[in-house]
Amino acid sequence: MKIKTPITEMLKIDLPIIAAPMFLVSYPELVVAVSEAGGIGCFPSLNYRTPEQLKDGLQEIRSKTKKPIGVNIILHKDHNPNWAKQFEVVMEMKVELIITSLGTPRTIAKEIKANGSHLFCDVTTLKHANIVAKSGADALITVAQGAGGHAGNITPFALIPYLKKETGLPVIAAGAISGGAQMAAALSLGADAVYVGTKFIATNESRAQNEYKQMLIDSAPEEIVYTEKISGIPANWLEKSVNKSPDILQDGPKKIAAGHSGGEHAIEQEYKRWKDIWSAGQGVAQIENVRPAKEVIDEMVKEYLEIVNRLPR
């Protein structure tokens, strides 16, 4: 099955489904499963503590699939002091899709294009969308209200057509995309692909803890907390997870110490910190069990086609 859009043509994939790169969740197993199922699997470079480990992870993925993959690089030095070295590795490994967030990619956009790769950027507002568009982004990931992790607060019904019209770039819809119904709605709004995160946490290939996966099943969309107090940037979190560590809201965000000998220790602390505080989007409403990633994709496509075919004409 193929669903053709400007994004599938650009990335040379069969389906307009991008697995969002998730910290401590997306590793080779999930990346490979999604890419082999027709979408494109992605992971954050920060899942690997060193550039050498990042290269090992990419080599493992390349040994298991020849399909396109993506890597997210956070460009903010306080959150990712090693981003420049990580970028060198993904360029060396010819990663097809680079997703940047928390920064402007103007210094690396030309190198990405020259390498034959594509540049997508997370955005939540028109201001940031215009900045990355001028920097050379190939497409925008419109992170709307209800998305897991760092999210905006504009409804996708406004954000998707707004940013597409104003920038003229292809857009990828992010925010509570949990099935074929949401995919059909997103594409009807003008999106060229969908960005799926929370739904893929509840898969066999996800490295999320079993308690995390069960919490997704047990949580309702009303139990998603949107706050900047945990990471310093507005984001969505599982309320049950936050309630296990109530002090985190009082302590406030802790930044990685960059640019000095304590950097690696600070990063290690960051890994420990996020093992107990769990992110999720309002798409938990459609999570009922843990399944293989391929089943999630197959069902999404089946539901999408059924909905499109029965819409009034």
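**View 1. Strands 5 and 6 of this predicted model, paired side by side.** Val-123 has Thr-142 of strand 6 as its bridge partner, and this pair belongs to a region in which strand 5 and strand 6, the latter spanning residues 139–143, run parallel and are joined by four bridges. Between the two strands the chain passes through helix 6, which covers residues 126–135, and the β-α-β crossover made in this way is right-handed.

**View 2. Strand 5 and its pairing with strand 4.** Strand 4, residues 97–101, runs parallel to strand 5, and four bridges join them; within this pairing, Ile-98 has Leu-119 of strand 5 as its bridge partner. Here the chain leaves strand 4, goes through helix 5 (residues 109–114) and arrives at strand 5, again in a β-α-β crossover that is right-handed. Strand 5 itself, residues 118–123, is mostly covered, with five of its six residues buried.

**View 3. An open sheet of three strands.** The strands follow the order 7-11-10, and their pairing is antiparallel. Strand 7 (149–150) and strand 10 (224–227) stand at the edges, and because each has a single partner strand, one side of each is left without a neighbour in the sheet. Strand 10 pairs with strand 11, residues 235–238, over four bridges in the antiparallel sense, and in this pairing Thr-227 lies opposite Ala-235 of strand 11. As a general point, strands of a sheet pair through backbone hydrogen bonds, in either a parallel or an antiparallel manner.

**View 4. The packing of helix 2 against helix 3.** Helix 2, residues 28–36, and helix 3, residues 51–64, pack with their axes 10 Å apart and at an angle of about 35°, and their crossing is right-handed. On the side of helix 2 the contact is made by Pro-28, Val-31, Val-32 and Glu-36, while helix 3 contributes Gly-57, Glu-60, Ile-61 and Lys-64. Sorted by class, the residues in this contact of helix 2 with helix 3 are four nonpolar, one polar and three charged.

**View 5. Gln-86 of helix 4 and its surroundings.** Gln-86 is found in helix 4, which covers residues 83–92, and its relative accessibility is 3%, so Gln-86 counts as buried, the cut-off for that term being under 20%. When its neighbours within four places in sequence are left aside, Gln-86 is in contact with Ser-45, Leu-46, Tyr-48, Leu-54, Ile-73 and Asn-80.

Conventions. Residues numbered from 1 in each chain as written. Predicted model: local features only at pLDDT ≥ 70, side-chain atom pairs only at ≥ 80, totals over all residues. Heavy atoms only, no water. Pairing = 2+ DSSP bridges. Buried < 20%, exposed > 50% of the residue type's maximum accessible area, 1.4 Å probe, protein only. Right-handed = clockwise from strand over helix to strand, strands pointing away. Axes fitted to C-alpha atoms, helices over the stretch in contact; angles between N-to-C directions. Left-handed = near helix turned anticlockwise from the far one by under 90°. Contact = heavy atoms within 4.5 Å. Nonpolar A, V, L, I, M, F, W, Y, C, P; charged D, E, K, R; others polar.
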